[in-house]
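User: I have just opened this model and would like to understand the labels used for it. Could you walk me through them?

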Amino acid sequence: SRTPSDKLTQQFTTNASKYRTIINNAQQADSVVKEKFSTNIEGMRSLAGGEAACNSFVPAGSGGQGGNTANRLKELMEQVETLKAERAVIDSELRNVNIDMKGVFSSAAAAGNLNEPVLSVQHLDRSFSPLQKQVEESISAQEKIIAEVQDLYQPFIQERGGAGSS
């Protein structure tokens, strides 16, 4: 009884596929390393050039101090956190609004002037109007923050760029 050829070569085919995958992964890793190397070669050269070369490569505003732009961006991020907290409160208040329309409709029906659409709008507006105003103010503040962050982005990048990348 002779073993079929496909069974004899099955292990060989499996190993070939496994090694082909390993080679492909290695080639991809090589390309990533080459890309990272070419991206960072200037920094490595500055490291080899001594302290003066390193100092010229270090971005302006480093060392935790930052420039005016960095400080303003930090302030804006604090405002974002404040907005998030305010929105959490508004969300909680929205979820906790409890309007008893049954009593309103019952008393209006008893008085003989049941106008459901008008009563609904009046009572819902009375309950949600302050929250709606808070949401609108929050959205307006968010839009101002976004605009200012977008305006500060380029100056921030230039401050961080330092002399080495210009």
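Analyst: Gladly; the turns below take the labels one by one. Please keep in mind that this is a predicted model.

User: What makes up the secondary structure of the protein chain?

Analyst: The protein chain has 5 helices and 0 strands. Following the sequence, the pattern reads α-α-α-α-α.

User: Why is the protein chain called more spread out than a compact globule?

Analyst: For 166 residues, the globule rule gives 15 Å, while the radius of gyration here is 33 Å. That is well over the rule's value, so the chain counts as more spread out than a compact globule. The box filled by the C-alpha atoms is roughly 95 × 80 × 20 Å along the principal axes. Buried residues amount to 13% of the 166 residues. The accessible surface is about 12900 Å², and carbon and sulfur atoms hold 55% of that.

User: Why is Ser46 called buried?

Analyst: Buried means under 20% relative accessible area. Ser46 has 9%, so the label "buried" fits. You will find Ser46 in helix H1, which covers residues 5–48. Beyond its neighbours within four places in sequence, Ser46 is in contact with Ala53, Cys54 and Phe57.

User: Why does Ser120 count as buried?

Analyst: The cut-off is again under 20%, and Ser120 comes in at 18% relative accessibility, so it counts as buried. Ser120 belongs to helix H5. Setting aside residues up to four places away in sequence, Ser120 touches Met101 and Phe105.

User: And Ile22, what makes that residue partly exposed?

Analyst: Partly exposed covers the range between the buried limit of 20% and the exposed limit of 50%. With a relative accessible area of 47%, Ile22 falls in that range, so it is called partly exposed. Ile22 sits in helix H1. Its C-alpha atom is 31 Å from that of Glu42, 20 residues apart along the chain.

User: Which residues form the largest nonpolar core?

Analyst: There are 5 of them: Leu73, Leu76, Leu83, Ile145 and Leu152. Helix H3 (68–96) and helix H5 (116–161) each supply at least two residues of this core. The most comes from H3, with 3 residues.

User: How do you know that Leu83 is buried?

Analyst: Leu83 has a relative accessible area of 9%. Buried requires under 20%, so Leu83 qualifies. Leu83 lies in helix H3, and apart from residues up to four places away in sequence, Leu83 touches Ser138, Ala141, Gln142 and Ile145. Another core member, Leu152, touches Thr69, Arg72, Leu73 and Leu76, with the same sequence neighbours left out. As for separation, the C-alpha atoms of Leu83 and Ala53 are 43 Å apart, with their positions 30 residues apart along the chain.

User: What share of the contacts in the protein chain with a separation of 6 or more comes from residues 24 or more positions apart?

Analyst: Such residues account for 71% of those contacts.

User: Why is the charged end of Lys18 said to sit over the ring of Tyr19?

Analyst: One test is a distance within 6 Å of the ring centre, along with a position within 35 degrees of the ring normal. The charged end of Lys18 is 5.3 Å from the centre of the Tyr19 ring, so the distance test is met, and the pair is listed as a charge over a ring.

User: How many aromatic pairs does the structure hold?

Analyst: The count is 0.

Terms used
Residues numbered from 1 in each chain as written. Predicted model: local features only at pLDDT ≥ 70, side-chain atom pairs only at ≥ 80, totals over all residues. Heavy atoms only, no water. Phe/Tyr/Trp six-rings, centres within 6.5 Å; stacked < 30°, edge-to-face > 60°. Helix = DSSP H or I, 4+ residues; strand = E, 2+ residues; numbered from the N terminus. Rg over C-alpha atoms; globule rule 2.2 N^0.38 Å. Buried < 20%, exposed > 50% of the residue type's maximum accessible area, 1.4 Å probe, protein only. Contact = heavy atoms within 4.5 Å. Areas by Shrake-Rupley, 256 points an atom, 1.4 Å probe, with all protein chains shown as cover. Core = buried A, V, L, I, M, F, W, Y, C linked by side-chain atoms within 4.5 Å.
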